[in-house]
Amino acid sequence: MPRALVITVCLTAVTALAGCGGGGADKSGAGPQKPTVSMKALRFHPATLAVRVGQTVTWRNDDTVDHNVTATKGERFHSRAFGSGRTYTFTPNRAGLVNYVCTLHPGMEGALLVRK
């Protein structure tokens with residue numbers, strides 16, 4: 001399979017599943033991208049992110065208002081409210097579905113698909 005096609009397939013999978021074998025190479029060729037969820041327009045982007053056990057996830061506030069991240073199922077974590085440009089990290093320690101919300105904004109929901 002030509003390299004360009006492999007990259008396109010991988011990027012399509014990243015968009016659809018928010019992961020490609022645990023993280024694809026970044027455009028600079030510097031190595032795997034770290035799993036990151038952007039908080040923008042009162043939504044989590046991507047809404048669902050596939051990660052592996054032990055892989056640290058970063059939530060980055062790219063919005064103009066404060067947000068937090070609170071697990072509702074599958075794990076236990078809760079961040080304080082944090083403003084634009086700030087981040088929160090969590091490392092899942094078991095496989096399964098992890099649902100989370102921003103308690104400051106009803107309807108702002110996301111999920112991690114954690115695999116071994």
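Here is a walk through this structure, from its overall make-up down to a few individual residues.

What you have in front of you is a predicted model. Let us start with the broad view. The protein contains 1 helix and 8 strands, and along the sequence these elements come in the pattern α-β-β-β-β-β-β-β-β. Of its 116 residues, 37% count as buried. The accessible surface amounts to about 7000 Å², and carbon and sulfur atoms hold 56% of that. Chain topology shows up in the contacts too: among contacts with a separation of 6 or more, 50% are between residues 24 or more positions apart.

Now for the strands, beginning with S1, which covers residues 36-40. Strand S1 has a parallel connection to strand S4 (residues 57-61), made through 4 bridges. If you want a residue to look for here, take Thr-36, which stands opposite Thr-58 in S4. Strand S1 also pairs with strand S2 (residues 43-45), this time antiparallel and over 3 bridges. Ser-38 has His-45 in S2 as its bridge partner. Together S1 and S2 make a hairpin with 2 residues between the strands. In that turn you will find Ala-41, whose phi is positive at about 55°.

Next, turn to the open sheet of 4 strands, whose order is S3-S8-S7-S5 and whose pairing is mixed. Which strands stand at the edges of this sheet? They are S3 (48-52) and S5 (70-73); each has a single partner strand, so one side of each is left without a neighbour in the sheet. From one strand to the next, the twist averages 30°. At the S5 edge, the pairing with strand S7 (residues 96-101) is antiparallel and has 3 bridges. Thr-70 is a handy marker for this pairing, as it stands opposite Val-101 in S7.

Strand S6 spans residues 87-90, and Thr-89 lies within it. Is Thr-89 buried, exposed or partly exposed? Its relative accessible area is 42%, so Thr-89 counts as partly exposed. Leaving aside residues up to four places away in sequence, Thr-89 touches Thr-56, Val-57, Thr-58 and Trp-59. One of these, Thr-58, is the residue opposite Thr-36. Thr-36 itself is 53 residues from Thr-89 along the chain, and the C-alpha atoms of the two are 9.1 Å apart.

Charged side chains make a good last stop. Side chains of opposite charge can pair when their charged atoms come close. The structure has 2 salt bridges. In one of them, Asp-62 pairs with Arg-60, and the closest N and O atoms are 2.9 Å apart. Asp-62 is partly exposed at 27% relative accessible area, and Arg-60 is also partly exposed, at 33%.

The side chains of Arg-94 and Glu-75 meet in a salt bridge as well, with 3.9 Å from N to O. This pair links distant parts of the chain: Arg-94 sits in the loop between S6 and S7, while Glu-75 belongs to the loop between S5 and S6, 19 residues apart. How do the two residues fare in terms of burial? Arg-94 is partly exposed, with 45% relative accessibility. Glu-75, by contrast, has a relative accessible area of 8%, so Glu-75 is buried.

Methods: Residues numbered from 1 in each chain as written. Predicted model: local features only at pLDDT ≥ 70, side-chain atom pairs only at ≥ 80, totals over all residues. Heavy atoms only, no water. Buried < 20%, exposed > 50% of the residue type's maximum accessible area, 1.4 Å probe, protein only. Contact = heavy atoms within 4.5 Å. Areas by Shrake-Rupley, 256 points an atom, 1.4 Å probe, with all protein chains shown as cover. Pairing = 2+ DSSP bridges. Axes fitted to C-alpha atoms, helices over the stretch in contact; angles between N-to-C directions. Salt bridge = Lys/Arg side-chain N within 4 Å of Asp/Glu carboxyl O.
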